[in-house]
Amino acid sequence: MSSRRLSKNVSIKKVTHSGCCHSREAEYMHRALELARRGAGLVSPNPMVGAVLVKNNKIIGEGYHCAAGKDHAEIVAIKNAKAPVRGSTLYVTLEPCCHVGRTGPCVQRIVKEKIKKVVVAVLDPNPLVDGKGVAYLKKSGVEVEVGLCVKEAIRLNEIFFKNMRCHLPFVAAKTAQSLDGKTATRMGESKWITGEQARIHAKRLRDEYDAVVVGVNTVIKDDPCLNGLHKTNFKVVIDPQMRIPVLSKLVTRYSDKLIIVTSNKNIARSHNFPGILNIIYVKSNNDVLDIKDLLKKLYALGITSIFVEGGSVTVGRFFDAGVVDKIYLFIAPQIIGGDTALSSIGGLGVRQPKNAVMLKERLIEFIGEDILVTAYTK
């Protein structure tokens, strides 16, 4: 064990290993992480959190945060406990809160219930917490350990950590292509390159993010709804010249969820779309919108994460701006060929191979007959 000094009088025991071992404690934390994932796409702008209460080597209570404004995972676990929690150990994926938000401070309830020990995967990066919750517990006589399964806990809440660190949305890009990198034929046909299972999986991925982003050409060509499998997300359309069809499904059915992003030169033209509640004006250069300015303004609207889905040029612009955090690349086992067939990622691209975006933490899996590569850029 090592110690992290929080103040002159308070220190925290910290687990020195960076990942999870195969100990009984790690099993409890893995269970807490599994519970936390049930909140994916449901808790924004809050983080996903899971909690497990253990007494006499048995789990007596479990819980997870299911929605913003609802009980936090620690409180749910306490309420669900099948035995008195006094003297138990709480395993929680994120540092318990110590401030008043929509709910009360979890640390006070932990102390009140006389829980003996709290094992925390990772400290909360929110400046309102960030070590203060653990300090409160320690001062109150609760034993605390921090760092069990820390890497997994950070990845679980990659959106929240990006929000707290950069005050910007987490950016995930998704594209589907043939084995030779084409997203449409030379005739512009793209339905369907990937199979049905892959398309269903892509809709499921939409559920994990606050908003789906496409370019106006996708709206004009496909007239999509952009819904997730179980969720109606915000729909962000990048439209430099305000060309979105007024009779498109996004305008007629989802105006309350629609966000148009256009050039600040088009303020006057926005009056043609009185039903659209949100029109964002961003900087532009020759009708190419400033992606970084866009992200700042989306975050100001409360959008914590985006799923950039198309088309080729739109995805490419986000890569050109260097803002993509994660990519989902679906690859169909087919060859399209052709010099004029559309590549899956457009934009300007890089000048030399040494400048290419190198993908990290690559996960490769089969979705039906198709391959899905999930990876990070940073």
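**Exercise 1. Determine whether strand β15 is enclosed or open to solvent, and find its pairing partners.**

Step 1. Six of the six residues of β15 are buried (under 20% relative accessible area, 1.4 Å probe, protein chains only), so this strand is largely enclosed by the rest of the structure. Strands here are DSSP E runs of at least two residues and helices are H or I runs of at least four, numbered from the N terminus. The model is predicted: local features need pLDDT of at least 70, side-chain atom pairs count only at pLDDT 80 or more, and totals for chains, interfaces and linings use all residues. Residues are numbered from 1 along each chain as its sequence is written, and side-chain values use heavy atoms, with hydrogens and water left out.

Step 2. β15 pairs with β8 in the parallel sense over four bridges; strands count as paired if DSSP finds at least two bridges between them. In this pairing Phe170 stands opposite Ser305 of β15.

Step 3. β9 also runs parallel to β15, joined by four bridges. Here Val214 has Gly310 in β15 as its bridge partner.

**Exercise 2. Describe the surroundings of Leu205.**

Step 1. Leu205 is found in helix α7. Its relative accessible area is 6%, so Leu205 is buried.

Step 2. Leaving out residues up to four places away in sequence, Leu205 touches Phe307, Tyr328 and Phe330, where contact means heavy atoms within 4.5 Å.

Step 3. Lys174 lies 31 residues from Leu205 along the chain, and their C-alpha atoms are separated by 9.3 Å.

**Exercise 3. Characterise the largest pocket by volume, lining and residue class.**

Step 1. The volume is about 1400 Å³. A pocket is an open set of points on a 1 Å grid over the protein atoms alone, where a 1.4 Å probe fits, with protein on both sides within 12 Å along at least five of seven lines. Points are joined across faces, edges and corners, and the volume is the space filled by probe spheres set on them.

Step 2. The largest pocket is lined by 47 residues, lining residues being those with an atom within 4 Å of a point. Thr218, Asp222, Glu309, Gly310 and Gly311 lie nearest its centre.

Step 3. Elements that each supply at least two lining residues include β8 (170-178), α7 (196-206), β9 (211-215) and β15 (305-310).

Step 4. The lining has 20 nonpolar, 16 polar and eleven charged residues. Ala, Val, Leu, Ile, Met, Phe, Trp, Tyr, Cys and Pro count as nonpolar, Asp, Glu, Lys and Arg as charged, and the others, Gly among them, as polar.

Notes:
Buried < 20%, exposed > 50% of the residue type's maximum accessible area, 1.4 Å probe, protein only.
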